[in-house]
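Please work through the following exercises with the sequence and the model side by side. Each task is followed by a solution that goes step by step.

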Amino acid sequence: MDGIRVGKRVVGTQSPVTIGWDNIPKVEGGTFKRLFFTLFQPAVLFGMIAFWYYAPNSIAKASTAIGIGIGFRVILQILELTNPRHKSWQITWKELATDLFYVGVSATLVNLAENYIGSDVAIEAIQKGMDLEKFAWFTSLPLLVQAVLILFIFDFGQYWMHRGMHNWYPLWLPHSVHHYITQLNVHKGAVGNPVELFLIGLGIGGLFDFLPRAFLLAGAIGMSVGAYQHINVRFNTPRWWRFMFNTTEHHSLHHSQDFESTRSNYANTFILIDRMFGTCIDGEAELLGMEGGRRMSIREQMLYPFTEGWKAWKERATRARFFDDAPSAVPAE
Ligand SMILES: [Zn+2]
Ligand SMILES: [Zn+2]
């Protein structure tokens, strides 16, 4: 099976990916437009950092962060409608309905988890467990350094979880659903099987109103960078940004129909982690998805990991019985 797929790619009936920054188009138009799409990303990032640095304690809490997050998404949605990157990625009512369904599902799941973990019992346990003096060396660091370290540690966990998903079949099954999306839009980050949300959640943890400011700042930076993973807007992203941070370009390659390209750019925020481990590819792709861009219904997205896993398990069992040499036919878990 793999051989055929690889063969097809070599023959190359289409050229699905663009490699290197030089070949990627820039935002066209007047001076104001070009300036806007060059400065938008850094301006939002620095604005967020300034806000969480100087906001008084009375408003520096998770509920404010959630409000800002929603407002930011609305702005990005408007940008997508007024300045689409690819016509083929333009949001339709059907796509939007599916995406918002998943935004609802994830918000509900996060809420449930929060109510469960965020109870007094958990807060007490955390307060008891955290020997603050042990963290004195950390809390004495400048706030921005603390935030970047927190974000980097979370992203490091995410990177290996995501890379694991692409390399171990039981983890791939729930993640594969996210790879069936055929276009990038603002809310597409939420689209996938809920089991994946749970796995990702293992790396992120809950949101609490008593979060220390460094965590809020880390979250704000993560949002200001990660929001562009799935978006149908072209930016003239500055060179320093795309060297350090993940971009739409990087993530479109990760979602491309080119198998080799999907095995790259695993990090959420810091593409630097991919550079460190040799999995970064700079470039972009427009043709996305699996099986030549087959679109899944919500029903299939919900069931796929289980039906597909069951099929694979049955196939393996049959093969083992047929060849009667289980050790070589059944890969070690
Ligand atoms: Zn992936
Ligand atoms: Zn994605």
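The exercises below concern a predicted model, and they go from the overall fold to the metal sites, the helix contacts and some single residues.

**Exercise 1. The fold as a whole**

Task: State how many helices and strands the protein has, and what share of its residues counts as buried.

Solution: Begin with the secondary structure, in which 16 helices and 2 strands are found. Turn next to burial, where 40% of the 333 residues of the protein count as buried. Finally, consider the contacts with a sequence separation of 6 or more, of which 76% are between residues 24 or more positions apart.

**Exercise 2. The zinc ion (ligand 2)**

Task: Identify the protein donors of the zinc ion (ligand 2), and decide which arrangement the donor atoms have.

Solution: The first step is to list the donors, which are the NE2 atoms of His178, His230, His251 and His255, lying 2.0 to 2.1 Å from the zinc ion (ligand 2). Along the chain, these donor residues follow the spacing H-x51-H-x20-H-x3-H. The second step is to examine the angles that the 4 donor atoms subtend, which run from 93 to 161°. A tetrahedral site would need all angles to lie between 85 and 135 degrees, and because the angles here extend to 161°, the arrangement is irregular. The last step is to look at accessibility: His251 is buried, with a relative accessible area of 3%, and His255 is buried as well, with a value of 0%.

**Exercise 3. The zinc ion (ligand 1)**

Task: Name the protein donors of the zinc ion (ligand 1), and find where in the chain His166 and His179 lie.

Solution: The donors of the zinc ion (ligand 1) are His162, His166, His175, His179 and His254, each through NE2, at 2.0 to 2.2 Å. Their spacing in sequence reads H-x3-H-x8-H-x3-H-x74-H. Within this set, His166 lies in the loop between α7 (143-165) and α8 (169-176), while His179 lies in the loop between α8 and α9 (194-204), and the two are 13 residues apart. Both His166 and His179 are buried.

**Exercise 4. Two helix contacts**

Task: Determine how α2 is oriented relative to α3, and how α7 is oriented relative to α8.

Solution: Take helix α2 (residues 31-54) and helix α3 (residues 62-82) to begin with, whose axes come within 13 Å and cross at roughly 175°. Angles over 145 degrees count as roughly antiparallel, so α2 is roughly antiparallel to α3. On the α2 side the contact is made by Phe36, Phe37, Phe40, Val44, Met48, Phe51 and Trp52, and on the α3 side by Thr64, Ala65, Ile68, Phe72, Ile75, Leu76 and Leu79. By class, this contact has 13 nonpolar residues, 1 polar residue and no charged ones.

For α7 and α8, the axes are 7 Å apart and the packing angle is about 95°. Since angles of 65 to 115 degrees count as roughly perpendicular, that is the description that applies to α7 and α8. Met161, His162, Gly164 and Met165 of α7 meet Leu171, Trp172 and His175 of α8, and the residues of this contact divide into 4 nonpolar, 3 polar and no charged.

**Exercise 5. Residues in loops**

Task: Say where Asn265, Glu291 and Thr269 lie, and which residues are in contact with Thr269.

Solution: Asn265 lies in the loop between α13 (259-262) and α14 (271-276), where its phi is near 55°, a positive value in a residue other than glycine. Most residues other than glycine have a negative phi. Asn265 is also buried, with a relative accessible area of 0%. Glu291, in the loop between β2 (283-285) and α15 (298-323), likewise has a positive phi, near 50°.

Thr269 is found in the loop between α13 and α14 and is buried, at 5% relative accessible area. When neighbours within four places in sequence are left aside, Thr269 is in contact with Leu151, Asp155, Gly222, Val225, Met244, Phe245 and Asn246.

**Exercise 6. Partly exposed helix residues**

Task: For Phe46 and Ile221, compare the separation in sequence with the distance in space, and then do likewise for Leu303 and Asn193.

Solution: Phe46 belongs to helix α2 and counts as partly exposed at 48% relative accessibility. Phe46 and Ile221 are 175 residues apart in sequence, and their C-alpha atoms are 8.8 Å apart in space. Leu303, which is in helix α15, counts as partly exposed at 38%. Between Leu303 and Asn193 the separation is 110 residues in sequence and 8.2 Å from C-alpha to C-alpha.

Terms used. Residues numbered from 1 in each chain as written. Chains lettered and ligands numbered in written order. Predicted model: local features only at pLDDT ≥ 70, side-chain atom pairs only at ≥ 80, totals over all residues. Heavy atoms only, no water. Donors = N, O, S within 2.8 Å, 3.2 Å for Na, K, Ca; no water. Tetrahedral: all angles 85-135°; square planar, octahedral: opposite > 155°, others 65-115°. Buried < 20%, exposed > 50% of the residue type's maximum accessible area, 1.4 Å probe, protein only. Axes fitted to C-alpha atoms, helices over the stretch in contact; angles between N-to-C directions. Helix = DSSP H or I, 4+ residues; strand = E, 2+ residues; numbered from the N terminus. Parallel < 35°, antiparallel > 145°, perpendicular 65-115°, else oblique. Contact = heavy atoms within 4.5 Å. Nonpolar A, V, L, I, M, F, W, Y, C, P; charged D, E, K, R; others polar.
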